[in-house]
Amino acid sequence: MSLMSVLTRDEAHARARLLDVHRYEIALDLTRGDETFDSRTVIHFTVRGKKKAADTFVELKPAELRSVTLDGEPLEPATLDGNRLPLKGLTPGAHELRVDAAMRYSRTGEGMHRFTDPTDGETYVYTQLFMDDVQRVFAAFDQPDLKAVFDLTVTAPEAWTVLANGVTAQQDDGTWRAATTPPISTYLVAVAAGPWHSVRTEHRGLPFGIHCRRSLAPHLDADADEILDVTRALYDRYHDKFEEPYPFDSYDQAFVPEFNAGAMENPGLVTFRDEFIYRSAVTDTERQTRAMVIAHEMAHMWFGDLVTLRWWDDIWLNESFAEYMGYQTLTEASRFTNTWVDFGIARKAWGYDADQRPSTHPVAPEAVDDTAAALLNFDGISYAKGASALRQLVAWLGEKDFLAGINAHFTRHRFGNATLADFIDNLAGATERDVHAWADAWLRTTGVDTLTPKVTRTADGTYTLTVDHAGSRPHRIAVGLYDRDLGDDQGHLTLRDRVELDLPQTADQPIGKRPALLLLNDGDLTYAKVRFDPDSFAAVTGHLCGLPDPLTRAVVWNALRDAVRDAELPATAYLEAARTHLPRESDLAIVQGVLTFATAQVADRFLAPEQRATGLATLGSLCRDLIRRTEDGDNPGLRLTAVRHFIDVATRAETIAAWLADGTVPGGPELDPELRWRVLGRLAVLGAVDAAAITEELERDPSASGREGAARCRAALPDPEAKRAAWEAMFTTDDLSNYLFTATAQGFWQPEQADLLQEYVERYWADAGSLAARRGPAIAEAAGRWAFPVYAVDPGTLGMGERCLQDGELIPALRRKLVDQLDDLARALRVREA
C-alpha cells in the first residue's frame, strides 16, 4: 500500500465538476472492541455528462477494507491505494457505492477518538473529522463543496447515549438513529457516544443540550445555568442580526476529553474541549473566554455550516467571521461587555506574531494547493488578523451595510458553497464604497503596518499631527488626545478629544494644544503596530494606569509588547512598566495578558541568563503586591491570577511548599486540584519534591487532569533518569495520547535546567521528524509547539534547526512549526543582543 495522499485543489475542482453527491447512509458499530469499530457506508451520487465514462476515487483510511460494491458489482479491496479507492469507468447517471470496513480508534484527537476516564473507568468516543479525517471514520468524497445529506445509525454499548448532528433516538433493536441532516460538508459530520451526563432544555421550540463525562457532572451542573443563559442570549442576538433562521433541528454542546482544538462547529452538535467544564476556580475572564468560544461556534452555524467555503483557500470565510461575530455578539448579548479588551491584549497578539514570521500568508491567500497546506493556515492570521480586518471593515463600511451584505450572502448561498469573490460581491451590493479595493488591500497582503505619530508646532502655537505610515493598507483610526489631570496626584490622564483619521492622510490633522499623550488607534479599531512620539512615551511610562478606558490601556500595552519584540524597547523596561502599573490595573484581562507575556516571553526567553533571576524577582514582587491588594476578598479573580503567577515565577521553594502543606494560600484561596498541581510542578522544577510526592498527589487526584499533572511534574524533575523516561515516552514508545504527550513536553524543558537538557537539544531534531512521520499531524504539531527546546536561546540551537529544515522528508505540520519556532528564536537572540 502506498503512502496516504492529500487532496489537491485541482483534483477537488475536477471531482466537483464530475459528481453530484446526494446522500450518505452510514452505519457505525462501536461494540467491536477497544481498537477498531465497524463502518458501513452507502453513497448515492450522480456522474454528470451524457456519454463519456469517467474515473474518480473515494477516500478512506481503514484498518481493514472488507468489501466494496459499485452498483451491485464487487470491487477488489486490494485496489485501495493509500487512502484512495479508485472508481473507474463511471458512466453518466446515478450510482450507489457500498463500503464495509473496520476503522481504528484514535488516541490523538483525529477521526474517532476513544478515551477511558481514569476516574471511573467509563469510555467515551467522539469524532473530529476536520480537513481530511472523515476518512478515518467512513468512506467519503471528502471535500467541502460536495455537500450531501447524511443518514446515520450507531450501534453502541448498553447505557451509552449517542449524539449526532440531528436529534437522535434509540430504536427497538437498540441502535441509535439520527435525524437526516440538511446538505452539509463531509468534515462537519459528528458523532459523540458514551454514558454522557446531560442537561437538556428547549428554547424557541428548539432542543438544547449540554453534555460531559459523568465524572465532571457536578462541575457541569454548577455552571449549567450560565452556559445555557449565554447560549440562549447569543441565539436570540444572532436572529436579530441574521435574516436566515438557525438552519438545523437541535443545538447540542458536548464537552469532550482530549480535544485538540478549542471547539468544532459541527452543525447541531458543537464539540468543545472539556477543560471548559471547570474543576477548579477560574477568573471571570476565563468564563468570558468560554462564552466567547460558544459565540464563535454558534456563528459558524451560518458562517461555515449553512454557507461553506468552496475550497480551503477561503478558510477566513469561516474563521475570521466567526471570530469577529463571536466577540462582537457576546459584547452585545451578555454581561461580558469588555470582550474586545481581551481580544486586544491576548488574541490580537497571536495575529501580530504570526504575521511577522516567514510563514505568514494573506488572510485570503490566492491559492492553497492541497489539504496539507490548508491545515497550516488555521493560525493567528485566519482568526485574529482576519477578525481585526473585519472590525476595521465595519468601522469603514458601517454596521448596517455590513449586515445587509452578510444577509444577501446567506440568502444566495444557503446550504451551498461560496468564495471570497462571492462574498465581496454581496458586500459591494450593499454599499457605494469600493469593497473590492478594500479586499485587495486587506485580504490579499501580508505583514503588519506600523503607524508612528509626528507632532509639529505651527506658527500660531497650536499643533498638527502627521502619521508616518509604514505599510500599504488604508486605515480608519481614532486618535486619542489625553491631558494630565493637574488636580490629581495619582497621575490620571483625561481624554480631551478623540479624532477620526483616514490613512493615508491627505492633509495634516490639527490637534490644538500639545496633549500629554497622543495615542494612535485609540479604541483598537484597526490592525497595525503603533509607536509613540517622545512626549507621549514619557506619559505612558509614568501614567499608563491612569488612562480611563481599559481598551485604551490594552492598545498601549500591545505597543510596548511590539516594541520589545522589535528590539526597540529593552525587555527590562517592559518589566519595569508592569511593576509600576499592574498593581493599580483594574481590568483582569490586561493583568493576565501582561503577566503571561512578562513571564513566558520576557523572563523565560528575552532576558539573558544572568538577568533572569532579577526578572523573576521583579515579577514575584509584583504578584505579592497584587496578593496584598486583594486581601479583602473583593477581587477573587485578580487574587487567583496573582497566586498562579507567583507560583510560576517562584525561585525559592519555601513559600509555595508551605501553601501546599497547608492546602491554602494564607487568606485564600484554598488549593484546588489545579493549584496543587501548579505548585507541585514548580517545586519539581526547583528540585524540591521527588517522584514519590508526585505519585501521592496522583492518588489524591486520579482524574484525567491529574494524570496530565503527574506527567508534567515527572518530566520537570531535574533528574537524568526522569528526563530520559520522559523523552522515551514522547519520542519512542508512541503510547501517549495527544494530551499526555503535551503535558510531558510542557514539563520537560525548563530554563533552570539548561545543562541537564543540552543533550536533548541535539537529539530533538531527528527524533521529532521521525515521530511526526509515524504519528501524523496532530502529534507533529504538538512536537513542534510543546516539545521544541524553546528555552535554548543560543545561536547553536538556531543552527541545528536551520540544518533540520533542509530535510525534505519533514511532514508539513512539523516543518511549519519549526519555521515559526526558529523565527521566534532568532527574534529572542536579537532582543538579547539589543
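Two strands are said to pair if DSSP finds at least two bridges between them, and the strands themselves (E, at least two residues), like the helices (H or I, at least four), are DSSP runs numbered from the N terminus. The structure is a predicted model, in which local features need pLDDT of at least 70, side-chain atom pairs count only at pLDDT 80 or more, and totals for chains, interfaces and linings use all residues. Residues are numbered from 1 along each chain as its sequence is written, and side-chain values use heavy atoms, with hydrogens and water left out.

A good place to begin is strand S2, which spans residues 36-47 and has nine of its 12 residues buried, where buried means under 20% relative accessible area with a 1.4 Å probe and protein chains only. S2 pairs in the antiparallel sense with strand S7 (residues 93-104) over 12 bridges, and in this pairing Ser 39 has Ala 101 of S7 as its bridge partner. Strand S1 (residues 19-29) also pairs with S2 in the antiparallel sense, here over 10 bridges, with Val 21 bridged to Phe 45 of S2. Six residues lie between the strands in the hairpin of S1 and S2, where Gly 33 takes a positive phi near 120°.

Further along the chain, Thr 231 lies in helix H2, which covers residues 217-241. Thr 231 counts as buried because its relative accessibility is 0%. Leaving aside residues up to four places away in sequence, Thr 231 touches Phe 208, Tyr 251, Gln 253, Ile 294 and Met 298, a contact being heavy atoms within 4.5 Å. Thr 446, by contrast, is 215 residues from Thr 231 along the chain, and their C-alpha atoms are separated by 35 Å.

How values were computed: Buried means under 20% relative accessible area, exposed over 50%, partly exposed in between (1.4 Å probe, protein chains only).
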